[in-house]
Amino acid sequence: MSMKPAARRALTWTAVILALALVSWSYMRPDMIVDLATRAWACF
Amino acid sequence: MSSTHQNPAPTLTMTQVLLCGAMIVTLSMGIRHGFGLWLQPITMDRGWTRETFAFAIAIQNLAWGAAGPLAGMLADRFGAFRVLIVGSVLYAIGLVLMGLSTSGLAFTGSAGILIGMAQSGTTYAVIYGVLGRNVPAEKRGWAMGVAAAAGSFGQFAMVPVESFLIGYSGWQNALFILACAALLIIPLAFGLKEPRQAAAKGPQQSIMQAVREAFKYPSFQLLMAGYFVCGFQVVFIGVHMPSYLRDKGLSPEVATYALMLIGLFNVFGTYGAGVLGQHFPKRYLLSLIYILRSVAVVAFLWAPLTPISVYIFSAVMGVLWLSTVPLTNAVVAQVFGVQYLSMLSGFVFFSHQIGSFLGVWLGGKLYDTTGSYDLVWWMVVALGVAAALLNLPIRETGIKRAALAPA
């Protein structure tokens, strides 16, 4: 199923903003990110 | 008879080039950006002074610039793919040896020279050559903006990752893990493998002809001068601002958030510059960036220094941080064509790195001599104004060439 260009653009920008927000968060609360990464790692 | 340059037909799809190129610069720019995090653990563990570490990083910046034209020349001649493979391997070896070095000399050789050379083969100049040859001219500025934004994102995102790795596995293992990450450039380089160029029709410009032509062309000299200022300003602020803020009594947290804001807004700035470069003359945008940097620094110095003023300054400087990269390289491509784009970008970048070296060194030297950063801040302002003026007369149209003798 192909996406409309506008939807693809919106999805791309959402992903970019989410990635930037996650990285910004990791600067402000590194402990939370370490905790999150440890939990994610434990799933494997 | 005269002719303007002709660009070869693209051989790779734009999506493929953008995706692989962006991921490569994310890795190569990102890995190096967090090296400051190793300063304390390495110097404490090895019993070195901070000067030993700083010297190796300064050499890395110079090696990156000095090897740039050569890496670019090889990429233009033999393909970016091969240069990326060698660059990736050098990066990995450099990182491993950086972790194993027990003397200052070995550390300078690995963290300084090897990694500097590796960066010259895996960063913008080499990637922009492939982008230039495979993205249509009308989308080139935008594509360069995307690649620059990816590098900016790498710088922004890798710092917390590297901080986590050092805390989780120790500084030495963190370097070995990063060496594995640097090797990921190899599979990505396959996405930038251009088929052997079909035998060129008609006479072609030689490397030496291209170098002579560029260095005799006033606009190229002006671009190099402007880029020198960019390196001076950016690296001085990046390296010395945390100490400046501490001297003025602000907490280290403010400096951390300031660098974070620079990184975050840099992503938008580089992308935005690429997009704007598609619609407006790049020389005016470059001038605007340099003059706005000067205005931002003056406002920062004159306004009362508070965490809020630092954050506003950092956000503004972030937008203007690497936004010169896609514009400068797009002008080079526009004027000289894409045949030797990596090499010519390498020369322009060499000038940037000399500025970077002087920004760090003069920042420290003048601080030691005068007891404050004031003089260097005003040099940043004056150089910004000079760069803004120097960029105005740049000609962005394709260079007219006299007919070349058959090769």
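This section describes the predicted model of a complex of chain A and chain B, from overall confidence to individual contacts.

The predictor assigns the complex an ipTM of 0.72 and a pTM of 0.86. For chain B the mean pLDDT is 89, with 94% of its residues at 70 or more. Confidence varies among the elements of chain B: the highest mean pLDDT, 97, belongs to helix 13 (residues 282–302) of chain B, and the lowest, 48, to strand 1 (residues 2–4) of chain B. In residues 198–202 of chain B the pLDDT falls below 50, and this stretch makes 0 contacts in the model beyond near neighbours in sequence. Where pLDDT is low, the predicted coordinates should not be read in detail.

Chain A contains 2 helices and 0 strands. Its C-alpha trace extends over about 40 × 25 × 5 Å along the principal axes, and 5% of the 44 residues in chain A are buried. Helix 1 of chain A comprises 24 residues and covers 35 Å from its first C-alpha to its last, close to the 34 Å expected at 1.5 Å a residue. Of these 24 residues, 2 are buried, so helix 1 of chain A lies largely in the open.

The contact between the chains draws on 9 residues from chain A and 9 residues from chain B. On the side of chain A that touches chain B, two or more residues are given by each of helix 1 (5–28) and helix 2 (30–42) of chain A. Helix 1 of chain A gives the most to this side, with 5 residues. By class, the side of chain A that touches chain B consists of 7 nonpolar and 2 polar residues, with no charged residues.

Within this contact, the packing of helix 1 of chain A against helix 12 of chain B was examined. Two packed helices are described by the angle between their axes and the distance between the axes. For helix 1 of chain A and helix 12 of chain B, the angle is about 170° and the axes are 10 Å apart. Angles over 145 degrees count as roughly antiparallel, and helix 1 of chain A and helix 12 of chain B are therefore roughly antiparallel to each other. From helix 1 of chain A, L20(A), S24(A) and Y27(A) meet T256(B), M260(B), L264(B) and V267(B) of helix 12 of chain B. The residues of this contact comprise 5 nonpolar and 2 polar, with no charged residues. An α-helix has 3.6 residues a turn, so residues three or four places apart point the same way.

Helix 2 of chain A includes P30(A). With 14 C-beta neighbours inside 10 Å, P30(A) counts as partly exposed. Apart from residues up to four places away in sequence, P30(A) touches P160(B) and S163(B). Within chain A, P30(A) and M3(A) are 27 residues apart along the chain, and their C-alpha atoms are separated by 36 Å.

Helix 12 also takes part in packing inside chain B. The axes of helix 12 (residues 252–279) and helix 15 (residues 324–336) of chain B come within 7 Å and cross at roughly 35°. Helix 12 of chain B contributes T270(B), A273(B), G274(B) and G277(B) to the contact, while helix 15 of chain B contributes V325(B), P326(B), L327(B) and A330(B). This contact of helix 12 with helix 15 of chain B has 5 nonpolar and 3 polar residues and no charged residues.

Two buried positions in chain B were considered individually. L131(B) is located in helix 6 (residues 124–134) of chain B. With 31 C-beta neighbours inside 10 Å, against a threshold of 20 or more, L131(B) counts as buried. Beyond its neighbours within four places in sequence, L131(B) is in contact with V17(B), G21(B), R140(B), A143(B), M144(B) and A147(B). L131(B) and V229(B) are 98 residues apart along the chain, with 25 Å between their C-alpha atoms.

The second position, A387(B), belongs to helix 17 (residues 374–391) of chain B. A387(B) is buried, as 27 other C-beta atoms lie within 10 Å. Leaving aside neighbours within four places in sequence, the contacts of A387(B) are G226(B), V229(B) and Y290(B). Between A387(B) and G191(B), 196 residues apart in sequence, the C-alpha to C-alpha distance is 37 Å.

Conventions
Residues are numbered from 1 along each chain as its sequence is written. Chains are lettered from A and ligands numbered from 1 in the order in which they are written. This is a predicted model: local features need pLDDT of at least 70, side-chain atom pairs count only at pLDDT 80 or more; totals for chains, interfaces and linings use all residues. Helices (H or I, at least four residues) and strands (E, at least two) are DSSP runs, numbered from the N terminus. A residue is buried if 20 or more other C-beta atoms lie within 10 Å of its own, exposed if 12 or fewer, and partly exposed in between; C-beta atoms are placed from the backbone. Two residues are in contact if their C-beta atoms, placed from the backbone, lie within 7 Å. Ala, Val, Leu, Ile, Met, Phe, Trp, Tyr, Cys and Pro count as nonpolar, Asp, Glu, Lys and Arg as charged, and the others, Gly among them, as polar. Axes are lines fitted to C-alpha atoms, for helices over the stretch in contact, and angles run from 0 to 180 degrees between N-to-C directions. The expected span of a helix is 1.5 Å times one less than its number of residues. pLDDT is the predictor's confidence in each residue, from 0 to 100. Angles under 35 degrees count as roughly parallel, over 145 as roughly antiparallel, 65 to 115 as roughly perpendicular and the rest as oblique.
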